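Student: I would like a close look at a single part of this model, beginning with one side chain and its surroundings. Please then set that part within the chain as a whole.

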Amino acid sequence: GLQAFIGQEIGTLSKGQRQRVGLAQALIHDPKILILDEPTSGLDPNQIVEIRSLIRDLGKDRTIILSTHNLPEVMETCDRLIVIHQGQIVADGTAQELEEQEASNPQVFLTISKSDGLTVENVEATLKEVDDVTAVEVLPAADNRWTARMDATPGRDIRPAVFQKSVSAGWEVVELKRDALDLEGIFRKLTQ
């Protein structure tokens, strides 16, 4: 895609066009492995889409190692992810595999309306009675509500039992959700 710029000095090209020239220089000897460090850094959204598309096309017939902290770029571009923390590989797999691994032990959040006579201690004690709930912490929430964060036995979905317990306790349930980590959350968890 550089034919339109033949004869033009590189200093007059846009950053995205210069990135393409850099890729052309790297590809001229047809390497089997291409290492790219932050290839979309400093590009505008249109240029990012173009470079990502180019990387995906190039990856069809060669190995491309992409070093980046831009997690949306990883999701859009890569087939396999390796997370390195302090020189050690802490995760290796597809984005789906990493997300499924973390989803096997998600936290569950229950938001309820505060009512007369209901205390934080009562909410915690009631939720700890639910099978497979391993930890409960009640957090302050806005609009006269409380949110309880719960951990569960790995691989168990506690939401139905938590809902039933909440209803039998007479609580007004505002929200009940499982917080499976996205790629950014997984990265933060693995590298903290």
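**A serine and its surroundings**

Tutor: Leaving aside residues up to four places away in sequence, Ser 166 touches Leu 110, Trp 171 and Val 173. The model in which these contacts are found is a predicted one. Ser 166 itself belongs to helix 6, which covers residues 159-168. Is Ser 166 buried or exposed? Its relative accessibility is 0%, and because buried means under 20%, Ser 166 counts as buried. A further neighbour in space is Thr 126: this residue is 40 positions away from Ser 166 along the chain, yet their C-alpha atoms are separated by 8.4 Å.

The contact with Leu 110 leads to the strands. Leu 110 falls within strand 5, residues 107-113. Strand 5 pairs with strand 7, residues 145-152, in the antiparallel sense, and 6 bridges join the two. The residue that follows Leu 110, Thr 111, stands opposite Thr 147 of strand 7. In a regular strand, side chains alternate between the two faces of the sheet.

Strand 7 has a second partner in strand 6, residues 133-141; this pairing is also antiparallel and runs over 8 bridges. Ala 141 of strand 6 has Arg 145 of strand 7 as its bridge partner. These two strands form a hairpin with 3 residues between them.

The backbone of this turn deserves attention. Asp 143, in the turn, has a positive phi of about 60°. Asn 144, in the loop between strand 6 and strand 7, likewise has a positive phi, near 60°, although this residue is not a glycine. Its relative accessible area is 52%, and because the cut-off for exposed is over 50%, Asn 144 counts as exposed.

Before strand 6 there is another such backbone angle. Asp 132 lies in the loop between helix 5 (120-128) and strand 6. Its phi is positive, about 75°, and Asp 132 is not a glycine either. With 25% relative accessibility, Asp 132 counts as partly exposed.

The chain as a whole gives the setting for this part. It contains 7 helices and 8 strands, and of its 192 residues 31% are buried. Its C-alpha trace spans about 80 × 30 × 25 Å along the principal axes. The radius of gyration is 24 Å, whereas a compact globule of 192 residues would be near 16 Å. Among contacts with a separation of 6 or more, 59% join residues 24 or more positions apart.

The chain also has pockets to consider. What is the volume of the largest pocket? The value is about 910 Å³. Its lining has 25 residues, and Leu 66, Cys 78, Arg 80, Leu 81 and Ile 82 lie nearest its centre. Two or more lining residues come from each of helix 2 (45-58), strand 2 (63-67), helix 3 (71-77), strand 3 (81-85) and helix 7 (183-191). Strand 2 contributes the largest share, 5 residues. By class, the lining divides into 14 nonpolar, 6 polar and 5 charged residues.

To return to the starting point, Ser 166 is a buried residue of helix 6, and one of its contacts, Leu 110, belongs to a strand paired with strand 7.

How values were computed: Residues are numbered from 1 along each chain as its sequence is written. This is a predicted model: local features need pLDDT of at least 70, side-chain atom pairs count only at pLDDT 80 or more; totals for chains, interfaces and linings use all residues. Side-chain values use heavy atoms; hydrogens and water are left out. On a 1 Å grid over the protein atoms alone, a cavity is a set of points where a 1.4 Å probe fits but cannot get out, and a pocket is an open set with protein on both sides within 12 Å along at least five of seven lines; lining residues have an atom within 4 Å of a point. Grid points are joined across faces, edges and corners, and a volume is the space filled by probe spheres set on the points. Helices (H or I, at least four residues) and strands (E, at least two) are DSSP runs, numbered from the N terminus. Ala, Val, Leu, Ile, Met, Phe, Trp, Tyr, Cys and Pro count as nonpolar, Asp, Glu, Lys and Arg as charged, and the others, Gly among them, as polar. Two strands pair if DSSP finds at least two bridges between them. The radius of gyration is taken over C-alpha atoms; the globule rule is 2.2 Å times the number of residues to the power 0.38. Buried means under 20% relative accessible area, exposed over 50%, partly exposed in between (1.4 Å probe, protein chains only). Contact means heavy atoms within 4.5 Å.
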